[in-house]
Amino acid sequence: MASPPWPLSGRAWIAVYRRPQPGALLLVRYATSPVGPYDEVMWVALGAPSPAGPRPQVTRIAVSTPQSVAWGRANWGIPKTLARFEWLGTSARGQVRIQEDGRLLAHVAFEGFGPALPVSTGPIPTPWRTLAQPRLDGESGWWLTRVGLRGRVQPARLTVLEGEALHPGLQTARPLLTVAVPTGHLHFPVPTPA
C-alpha cells in the first residue's frame, strides 16, 4: 500500500516557460519514495483552470516504474504513463532519452553549475504550489494537492533536443528560468477534494 502522504528525495531540473504556453518542464530522479527509486519527466501547465481557480496542473507525465504510475494516478489524479529512461553522463551533466511504447517521447540534455543555495516552497503562495488534477480513480471531481519542497537550488541548463511528443514547441521555446535541484526533499500530502 502506497497511500499518501509521500516523502520523496532526489534531484531535479526545472525549466519555466512563457511560450508556447505558461508552464514548466521537470526532469526528476527520485532516489527514495514509498514505491522505491524512479525517474519522471513532466509538463506542468501553470494557471490552468480548475474548480479552485487557476492552479498548476500536470498535463503530461511519464515515469519509469509501474508502481509510480498506479499510485500517482490513484492518489492525486496525476496522469502518469510508463516509459524507459536511458541516462548518459554524470548526475551534474548529461542527457536522457525517454521512450514510451517504443517511441521517443523526449531527448533532453541537462547541466547544473554554480553554487547551490537553500530553497523552500514555504514562502510561495499556496495557490501557486497546489496542483489541481481531475480525479482518475473512478470518482468524479478534482484533487487539490499542496506540494512542499526543501533542498538546494543552482543555475542550470535544460535543453530539449527532441520533445514534440511531450509538449509541442519545447524544442524551439526559450525558458525564462532554469534551475537544478541537486538535493531535494519533496512532500506529497493527502489531497483534498476541490
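Arg93 sits out in the open in this predicted model, with a relative accessibility of 57% that puts it in the exposed class. Its side chain still has a partner: Arg93 and Glu111 meet in a salt bridge, at 3.9 Å from N to O. That distance is worth a second look, because a pair counts when the nitrogen lies within 4 Å of the carboxyl oxygen. In sequence terms the two are 18 residues apart, with Arg93 in strand β7 (residues 93-100) and Glu111 in strand β8 (residues 103-112).

Now stay with Glu111, which is partly exposed at 22% relative accessibility. Burial here means under 20%. Glu111 also pairs with Arg157, this time at 3.1 Å between N and O. Arg157 belongs to strand β12 (residues 148-162) while Glu111 is in strand β8, so this salt bridge ties together parts 46 residues apart in sequence. As for solvent, Arg157 is partly exposed, its relative accessible area being 45%.

Put those contacts together and you get a network of salt bridges linking Arg93, Glu111 and Arg157.

What about Glu86 and Arg84? These two form a salt bridge as well, with their closest N and O atoms 2.6 Å apart. Glu86 is partly exposed at 30% relative accessibility, and Arg84 is partly exposed too, with a relative accessible area of 48%.

Zooming out, how many salt bridges does the count come to? The total is seven, and the pairs walked through here are among them: Glu86 with Arg84, Arg93 with Glu111, and Arg157 with Glu111.

Notes
Residues numbered from 1 in each chain as written. Predicted model: local features only at pLDDT ≥ 70, side-chain atom pairs only at ≥ 80, totals over all residues. Heavy atoms only, no water. Buried < 20%, exposed > 50% of the residue type's maximum accessible area, 1.4 Å probe, protein only. Helix = DSSP H or I, 4+ residues; strand = E, 2+ residues; numbered from the N terminus.
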